[in-house]
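Here are a few short exercises to work through with the model open in your viewer. Try each task before you read its solution.

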Amino acid sequence: MNKYEHTQDRNFDGLAEHFKKKIYGSSKGEIRLQLLWEDLEDNLLNNLQDAARLSVLDVGGGIGQISAKLANEGHKVTVTDVSRDMLELAQEHFSAENVSPENYELKNIALNQLSQEITEPSDLVMFHAVLEWLADPHSGLKCTMDKVAEGGHLSLMFYNKHSVIMKNLLKGNFRKVVSNDFIGERGGLTPISPLDPVDVYGWLEAAGFNIISKTGIRVVNDYLNRDLQASRSYEDILHMEKLLCRQEPYLSLGRYIHVIAQKQ
Ligand SMILES: C[S@@+](CC[C@H](N)C(=O)[O-])C[C@H]1O[C@@H](n2cnc3c(N)ncnc32)[C@H](O)[C@@H]1O
């Protein structure tokens with residue numbers, strides 16, 4: 001049995017508003033968006049010629065905040081998601097950000113429909129915080145990697161199993177660590193398939209991708225207890241995140257790991 005094969009993929013219908021409030025209504029979401037954008041700028045966007053217009057595919061894109069920013073910079077964006085509820089939130093967000101309808105499309109399709117529904121490969125494919133919601137992450141990643149054009153980039157963010165272990169150790173939940181039991185409750189916001197980074201890096205390399213950057217997303221914030229989080233300003237926490245998120249050993253302890261990889 002595939003070691004990640006626990007249940008079925010998690011469609012966010014019924015969970016979308018809760019997700020928006022819990023993640024993007026807090027500094028957790030803000031830190032995530034800031035660092036993802038910085039990585040994309042440093043490794044890709046800042047190197048583009050002025051008039052370059054990328055084709056961008058955001059798989060399991062949810063509300064699509066990064067996609068909306070890219071579309072507002074003139075790139076051509078397609079956001080796909082299996083959840084209608086999430087795409088409704090995406091539509092609200094794109095409208096609120098005044099994104100030109102010519103620059104984006106929202107498609108209600110699942111990963112396994114990508115091969116039929118998305119015919120052209122894209123310059124940039126984003127796959128952020130989806131892998132850990134899949135019953136078979138490796139197959140899901142393969143469907144997504146197939147959609148990257150040769151020489152194009154994959155921006156992949158996944159939920160890091162080592163961070164889950166460390167958090168449980170700090171809480172004294174030794175039994176959970178020994179039994180390797182980290183699966184979230186059905187219907188909750190704890191991912192069903194935390195990933196071992198070594199597996200993910202191996203899958204990328206085996207598919208001919210060259211990893212060009214790695215960043216730990218929330219290497220500090222999530223290890224502070226509530227009182228400490230409340231007593232430090234957002235700016236101070238973000239400053240610490242930026243200081244440590246791209247160096248070992250902190251990056252490998254990030255709640256998520258963001259990888260940018262180029263297809264050879
Ligand atoms: C945690 S959210 C992440 C959303 C967005 N990428 C972000 O970073 O904010 C996971 C998303 O993956 C979608 N999803 C889960 N399984 C999927 C599948 N098999 N095909 C397409 N989307 C899927 C969910 O509906 C949900 O919107």
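**Exercise 1.** In which sense do strand 5 and strand 7 pair, and over how many bridges?

*Solution.* Keep in mind that this is a predicted model. Start by finding strand 5 at residues 148-159 and strand 7 at residues 256-263. The two pair in the antiparallel sense, over seven bridges. To check the register, look for Leu 156: Val 259 in strand 7 stands opposite.

**Exercise 2.** Work out how strand 6 pairs with strand 7, then decide how covered strand 7 is.

*Solution.* Strand 6 spans residues 209-217 and pairs with strand 7 over eight bridges, again in the antiparallel sense. For a landmark, take His 258 in strand 7, which has Thr 215 opposite. Now for the cover: buried means under 20% relative accessible area, and seven of the eight residues in strand 7 are buried.

**Exercise 3.** Describe the ligand's surroundings, going from the shell to individual atoms.

*Solution.* First, the shell: 22 residues surround the ligand, and Tyr 24, Gly 60, Asp 81, Leu 111 and His 128 are the closest. Next, sort the shell by type, which gives 12 nonpolar, six polar and four charged residues. Then pick out polar contacts, using N or O pairs within 3.5 Å:

- Tyr 24 puts a polar side-chain atom 2.6 Å from a ligand oxygen.
- Asp 9 has a polar side-chain atom 3.0 Å from a ligand nitrogen.
- Gly 60 has a polar backbone atom 2.8 Å from a ligand nitrogen.

Last, the cover: on its own the ligand has 600 Å² of accessible area, and the protein covers 96% of that.

Notes
Residues numbered from 1 in each chain as written. Predicted model: local features only at pLDDT ≥ 70, side-chain atom pairs only at ≥ 80, totals over all residues. Heavy atoms only, no water. Buried < 20%, exposed > 50% of the residue type's maximum accessible area, 1.4 Å probe, protein only. Helix = DSSP H or I, 4+ residues; strand = E, 2+ residues; numbered from the N terminus. Pairing = 2+ DSSP bridges. Near = heavy atom within 4 Å. Polar contact = N/O pair within 3.5 Å; in protein donor to acceptor, adjacent residues only side chain to side chain. Areas by Shrake-Rupley, 256 points an atom, 1.4 Å probe, with all protein chains shown as cover. Nonpolar A, V, L, I, M, F, W, Y, C, P; charged D, E, K, R; others polar.
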